[in-house]
Amino acid sequence: MSPKYDVFLSFRGIDTRANFVSFLYKELERRGIRTFKDDKELQDGQRISPELQRAIEESRFAIVVVSLHYAASSWCLDELLKIMENGSITVMPIFYGVDPFHVRRQTGDVAEQFKKHEAREKDHEKVLSWRQALVKLANISGQCSSKWNNDSKLVDATVDGISEKLMNFTRLSNGGKIVGIERHMKKLNRLVDLNSTKPVRVIGIWTSGGRNGRSTLAKHVYQTWCKQFETNCYLGNVKRIFKGRHLAHLHDEFLEKIEGAYLTSRGSLKRQKVLLVADDVYKVEQLDALAEDFTDFGPGSVVVITTQDKQLLISYGIKDVYEIEDLRCEKLCDLRTFAFKKRRDIFAAFESALNEAKDFVTECFGCPSSSTSGVYEKLLKEFN
């Protein structure tokens, strides 16, 4: 089961919610990176909700923004403890306005904050576990705000790092789904001139296979291309967004998810280069609803539509279509090869163990009897 969120954000609200974290969250969302950000500030002594615990468990990465008052909050420290105890999540610290040395050594402000915890908290084992979690975090190489002359560059560097890791993860975890992802991207880059200043272009991606492979390619395209556009929007699983709802909901979803540095109103899109990726479109009416928005995009804009219905693209007059016969078939072939290799390796190991056992019997008792050899041959045959 794939994680529900790409990123879990851990931060101290009074320090960074209204500034750095809000900018970071907006950029993560703009790049199509699914991010959990809790908007409730719990008071000290309150327990972390089951929803928050599930969000940590269902995230691939955790960005922990350690700010001046982060270690002063028992809630933040509880949250950090949950993150550091989760062996499946990749932790990326950002030391915002604090020195990682002081966090690691727990000196200065951090020392004072822990003195207060120790005075308040009856469970000293818990305080010790907070200390250990903070040390463990500070030992992880991360971003430090003192090395950047403004927050926007720190945000860009952080999100670039997450995007790259996610794309690497996609290549590793979905390598069977999309064999030769770079080959597909080269062909798509030839099909779409990203430096063009022509009016908005609509590109179709069609495959007869399952949705997972097509959606993985759509997201990879979005994450690879989005930095070359002023404004971006990723609409994942349009079929799900549209199901049981009025067409206007698709338009609302677009307005909600579109992000850009210069986005002030819908009318301002006419002056901007926009990238829109709409995944899993299955009705002409959906294209019509999206067209109400993308016909207003400025020169150089690109709209990517992924679908399993080739006739949909033809009937809508989309001429630039990238066709892939069956992404899922490639996955199955790859898995079969992998399974065969694993089975062959296991059989070789089993045969080797039997041979060693046979040699041991021979060494201890002389030549093996015909009955012993028969048992050996039978075991080998049945295992194979």
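## A buried aspartate in helix α13

At 1% relative accessibility, D293 of this predicted model counts as buried, since the limit for that class is under 20% relative accessible area. D293 is located in helix α13, which covers residues 284-294. Between D293 and L269 there are 24 positions in sequence, and their C-alpha atoms are 9.0 Å apart in space.

## Overall make-up

The protein contains 16 helices and eleven strands. Of its 384 residues, 45% are buried. Among the contacts with a sequence separation of 6 or more, 81% are between residues that lie 24 or more positions apart.

## The two nonpolar cores

The largest nonpolar core is made of 33 residues, and those with the most contacts inside it are V64, V66, L80, I83, F114, L134 and L137. Two or more residues come to this core from each of the strands β1 (5-10), β3 (59-66) and β4 (90-95) and from each of the helices α3 (50-57), α4, α6 (109-120) and α7. The greatest contribution is that of α4, which gives seven residues. A second core, separate from this one, has 23 residues, including W206, C233, L287 and V303.

What does V64 touch, when residues up to four places away in sequence are not counted? Its contacts are with S10, Y70, L80, I83, V91, M92, P93, I94 and L137. Of these partners, L80, I83 and L137 are also listed with V64 among the core residues that have the most contacts.

## The packing of α4 against α7

Helix α4 (residues 74-85) packs against helix α7 (residues 124-138) at an angle of about 65 degrees, and the two axes are 9 Å apart. The crossing in which α4 passes α7 is left-handed. On the side of α4 the contact is made by S74, L77, D78, L80, L81 and M84, and on the side of α7 by K126, S129, W130, A133, L134, K136 and L137. By class, the residues of this contact comprise eight nonpolar, two polar and three charged. L80 from α4, together with L134 and L137 from α7, takes part in this contact, and these three residues are also named among those with the most contacts inside the largest nonpolar core.

## Helix α2 and the glycine after it

In helix α2 (residues 20-30), the buried residues are F20, V21, L24, E27, L28 and R30. Just after α2 comes G32, where phi is positive, at about 75 degrees.

## Buried polar side chains in loops

R12 belongs to the loop between β1 and α1 (13-16). Is R12 buried or exposed? With a relative accessible area of 14%, R12 is buried, because buried means under 20%. A polar atom of the R12 side chain lies 2.7 Å from the backbone oxygen of H69.

S301 is placed in the loop between α13 and β10 (302-307), and at 0% relative accessibility S301 counts as buried. Its side chain reaches the backbone oxygen of G298 at 2.7 Å, and a polar atom of that side chain also lies 3.3 Å from the backbone oxygen of Q272. Apart from neighbours within four places in sequence, S301 is in contact with K198, P199, V200, R201, F229, Q272, K273 and V274, so that Q272 appears both as a contact and as the residue whose backbone oxygen lies 3.3 Å from the side chain.

## Helix α5 and the loop that follows

H102 lies in helix α5 (residues 100-105) and is partly exposed, with a relative accessible area of 36%. When residues up to four places away in sequence are left out, H102 touches T107 and V110. H102 and A138 are 36 residues apart in sequence, while the distance between their C-alpha atoms is 9.1 Å.

The loop between α5 and α6 contains Q106, a residue other than glycine whose phi is nonetheless positive, near 55 degrees. At 10% relative accessibility, Q106 counts as buried.

## A second positive phi outside glycine

Where in the protein is D280 placed? D280 is found in the loop between β9 (274-278) and α13. Its phi is near 65 degrees, again a positive value in a residue other than glycine, and at 5% relative accessibility D280 counts as buried.

Methods. Residues are numbered from 1 along each chain as its sequence is written. This is a predicted model: local features need pLDDT of at least 70, side-chain atom pairs count only at pLDDT 80 or more; totals for chains, interfaces and linings use all residues. Side-chain values use heavy atoms; hydrogens and water are left out. Axes are lines fitted to C-alpha atoms, for helices over the stretch in contact, and angles run from 0 to 180 degrees between N-to-C directions. Helices (H or I, at least four residues) and strands (E, at least two) are DSSP runs, numbered from the N terminus. A crossing is left-handed if the near helix is turned anticlockwise from the far one by less than a right angle, and right-handed if clockwise. Contact means heavy atoms within 4.5 Å. Ala, Val, Leu, Ile, Met, Phe, Trp, Tyr, Cys and Pro count as nonpolar, Asp, Glu, Lys and Arg as charged, and the others, Gly among them, as polar. Buried means under 20% relative accessible area, exposed over 50%, partly exposed in between (1.4 Å probe, protein chains only). A nonpolar core is a set of buried Ala, Val, Leu, Ile, Met, Phe, Trp, Tyr and Cys residues joined through side-chain atoms within 4.5 Å. A polar contact is a pair of N or O atoms within 3.5 Å; within protein, one must be able to donate a hydrogen and the other to accept it, and residues adjacent in sequence count only if both atoms are side-chain atoms.
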